Amino acid sequence: LEQCLELLQNVEGDYQERDYCMITLFLNCGMRLSELVKINLNDISDQTVRLLGKGNKERIVYLNEACQSALGKYLSVRNSHPVQPAHRNALFLTRRGSRIGARRVQQIIDENLKRAGLEQYGFSTHKLRHTAATLMYQYGNVDIRVLQDILGHANLGTTEIYTHISSKQM
């Protein structure tokens, strides 16, 4: 939890709002990298985001206050940079105004982890998904079956791995 807060506190740069929003969504929604880069503006409502997961399975994830705030701040500056007409519906954009790619998101995460002094832990976008699941389960008191739905897992065993359930909890 402390490392997550440290990561968020060290986001900076010309695209600070975008990068902060992406990290916030990873840490609070447990989405996959592929799901994050596919989000369109019309997938977002006041309190939910529609994600297109593995096998083109669609699921709805609720946005907590931190996500809503980060999205609001990002959306208020999103169009201050050029937007290519073909990519105007993409939520996250590059500096050239096109949909951001998975590799660029990974680079952004790596840059921010380094800035926060967390690069030595081997974190990645996928580890942020694991972290989100663990935090929801251990600190948010989210039921394991609800967490299974949030993460889009077909198998409960996969969710259990993500949450690092201790033998004491079992």
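A pocket, in these exercises, is an open set of grid points with protein on both sides within 12 Å along at least five of seven lines, and its lining residues have an atom within 4 Å of a point. The structure to which the term is applied here is a predicted model.

**Exercise 1. Describe the largest pocket by its volume, its lining and the helices that supply the lining.**

Solution. Begin with the space itself, which for the largest pocket comes to about 290 Å³. Next, turn to the lining, which consists of 18 residues, with L1, Q3, C4, F123 and T131 lying nearest the centre of the pocket. Then assign the lining to elements: helix 1 (2-9) and helix 6 (125-138) each supply at least two of the lining residues, and helix 6 gives the most, with 7 residues. Finally, sort the lining by class, which yields 10 nonpolar, 6 polar and 2 charged residues.

**Exercise 2. Carry out the analysis for the second largest pocket, and state which elements supply at least two residues of its lining.**

Solution. The second largest pocket holds about 180 Å³ of space. Among the residues that line this pocket are L27, N28 and C29, the run I60, V61, Y62, L63 and N64, and also A132, L135, M136 and I150. Helix 2 (16-29), strand 2 (58-62) and helix 6 are the elements that each supply at least two residues of this lining. By class, the lining contains 10 nonpolar and 2 polar residues, with no charged residue.

**Exercise 3. Place I60 in its element and decide whether I60 is buried, partly exposed or exposed.**

Solution. I60 belongs to strand 2, and it is also one of the residues lining the second largest pocket. Its relative accessible area is 47%, so I60 is classed as partly exposed, given that buried means under 20% and exposed means over 50%. For the surroundings, leave out residues up to four places away in sequence; I60 then touches T48, V49 and R50. As regards V49, which is 11 residues apart from I60 along the chain, the two C-alpha atoms are separated by 5.8 Å.

**Exercise 4. Determine how many disulfides the structure holds, and examine C4 and C21 individually.**

Solution. The structure holds 0 disulfides. C4 is in no disulfide, and the nearest cysteine sulfur, that of C67, is 12 Å away. C21 is likewise in no disulfide, with the sulfur of C67 again the nearest, here 7.6 Å away. The cut-off that settles both cases is a separation of the sulfur atoms within 2.5 Å. As to accessibility, C4 has a value of 10% and therefore counts as buried, while C21 is buried at 1%. One further relation concerns C21: its C-alpha atom lies 9.0 Å from that of G72, although the two residues are 51 residues apart in sequence. G72 itself is placed in helix 4 and, at 41% relative accessibility, counts as partly exposed.

**Exercise 5. Identify which residues of the largest nonpolar core touch the most other members, and find which element contributes the largest share.**

Solution. The largest nonpolar core has 37 residues, and those touching the most other members are L25, F26, M31, L36, F92 and V105. Two or more residues come from each of helix 1, helix 2, helix 3 (33-38), strand 1 (48-52), helix 4 (65-78), helix 5 (102-115) and helix 6. Helix 2 contributes the largest share, 7 residues. As an illustration of the contacts, V105 touches M22, F26, L33, L36, V37, I100 and T125, with residues up to four places away in sequence not counted. A second, separate core has 7 residues, including A132, M136, L147 and I150. In soluble globular proteins, nonpolar side chains tend to be buried together.

**Exercise 6. Decide for each of the asparagines N56 and N112 whether the residue is buried or exposed.**

Solution. N56 is found in the loop between strand 1 and strand 2, and with a relative accessibility of 58% it counts as exposed. Its phi is near 55°, which is a positive value in a residue other than glycine. N112, by contrast, has its place in helix 5 and is buried, with a relative accessible area of 1%. Not counting residues up to four places away in sequence, N112 touches L7, N10, V11, E12, D19 and I23.

Notes. Residues numbered from 1 in each chain as written. Predicted model: local features only at pLDDT ≥ 70, side-chain atom pairs only at ≥ 80, totals over all residues. Heavy atoms only, no water. 1 Å grid on protein atoms, 1.4 Å probe; cavity = no way out; pocket = protein on both sides within 12 Å on 5 of 7 lines; lining within 4 Å. Points joined across faces, edges and corners; volume = space filled by probe spheres on them. Helix = DSSP H or I, 4+ residues; strand = E, 2+ residues; numbered from the N terminus. Nonpolar A, V, L, I, M, F, W, Y, C, P; charged D, E, K, R; others polar. Buried < 20%, exposed > 50% of the residue type's maximum accessible area, 1.4 Å probe, protein only. Contact = heavy atoms within 4.5 Å. Core = buried A, V, L, I, M, F, W, Y, C linked by side-chain atoms within 4.5 Å.
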